[in-house]
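Student: Could you take me through one part of this model closely, the strand pairing, and then set it beside the nonpolar packing?

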Amino acid sequence: MSEQSTSTGGQVAAPPGGRALAVAKRVAEHVLWARVAGQRRVEARTKGAARPLPTSVPPTGVLDSTATWQAAAAEARRLRLPLHRDLPKNWDALGAVGAVLELADDGSRSARVMDAGSARYSPVLPWLRLYGLGEQPGSLLGINLEFGAAVSRDGVEFRYGDVTDTGIADGRLDAITCMSVIEHGVPLEGFLAESARLLRPGGVLCVSTDYDQDPPDTTGRTVYGSEVHIFSPAEIRDLVATAERRGLELVGTLDDTVLAHQERPVHWDRVDLDYTFILLTFRRR
């Protein structure tokens with residue numbers, strides 16, 4: 001998961017999960033980006049067929065079954081995209097990348113994209129890099145309160161940043177992704193207002209989060225410094241209404257049928273909870 005850690009006074013937040021987990025994430029990060037750089041070199045040298053756009057995940061929807069995330073992971077493999085080790089996470093990442101490429105980029109692969117609450121081992125920015133984005137310095141950016149000094153991975157910049165107050169100029173971005181972040185105590189009004197400010201007219205915001213049509217009880221389950229939160233249908237509708245007030249229009253529909261799911265295909269071992277994911281894509285008016 002990508003987490004927007006908590007911090008005060010502009011200080012870098014402690015890595016969530018402790019030192020051992022931080023080391024494991026750092027190893028995963030270096031393996032991932034070494035693969036991306038090597039794969040890009042090979043593909044540039046061989047000049048193979050262009051990578052098709054992802055198609056199996058809609059820009060807005062609910063992960064309704066195990067078979068659905070398995071299909072997304074299978075498509076990512078066919079597209080030669082390195083999989084997230086938490087396999088259900090490939091579902092929302094594939095949907096977000098497809099939405100960015102289809103809705104925010106004009107085919108020139110010059111879209112400016114920020115991953116809000118990013119993790120350097122998460123798939124969205126590496127996958128966009130494999131699709132050819134990021135050739136211009138600063139055009140692919142990941143921010144998180146747990147990051148310290150800025151680092152670059154195959155031309156992608158990762159630096160300290162608050163998703164509610166980025167300091168980036170108005171209308172600077174073509175797309176923002178925010179994967180499995182807002183459930184960790186992010187102030188939604190501030191995040192949506194900042195996202196609307198950063199996006200150009202027609203720009204795209206893709207948000208995924210933990211969701212359930214009948215959320216399980218999370219009382220007393222605390223992770224990364226805050227109580228576990230799984231969004232309900234009513235809370236998702238409130239989020240969409242808040243986004244609308246900020247000039248962010250939902251791409252697709254969210255009726256009762258869309259919000260329903262056959263299974264709870266996601267299991268979080270650390271807190272022993274079963275639930276699912278929802279992906280929401282918005283376009284800036």
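Tutor: Strand β4 (residues 151–153) runs antiparallel to β5, with 3 bridges between them, where strands are DSSP runs of E of at least two residues, helices are runs of H or I of at least four, both numbered from the N terminus, and two strands pair if DSSP finds at least two bridges between them. This is a predicted model, in which local features need pLDDT of at least 70 and side-chain atom pairs count only at pLDDT 80 or more, while totals for chains, interfaces and linings use all residues. Residues are numbered from 1 along each chain as its sequence is written, and side-chain values use heavy atoms, with hydrogens and water left out.

Within the antiparallel pair, Arg153 has Val156 of β5 as its bridge partner, and in the hairpin that joins β4 and β5 through 2 residues, Asp154 adopts a positive phi near 50 degrees. Strand β5 (residues 156–160) also pairs with strand β3 (residues 140–144), here in the parallel sense over 4 bridges, and Asn144 is bridged to Tyr160 of β5.

As for the packing, Val113 is in contact (heavy atoms within 4.5 Å) with Leu140 and Leu141, among other residues beyond four places in sequence. The largest nonpolar core, a set of buried Ala, Val, Leu, Ile, Met, Phe, Trp, Tyr and Cys residues joined through side-chain atoms within 4.5 Å, where buried means under 20% relative accessible area with a 1.4 Å probe and protein chains only, has 46 residues, and Val113 is one of those with the most contacts inside it. Helix α3 (residues 89–104) gives this core its largest share, 9 residues, whereas a second, separate core of 32 residues includes Leu141 and Val163.

Methods: Buried means under 20% relative accessible area, exposed over 50%, partly exposed in between (1.4 Å probe, protein chains only).
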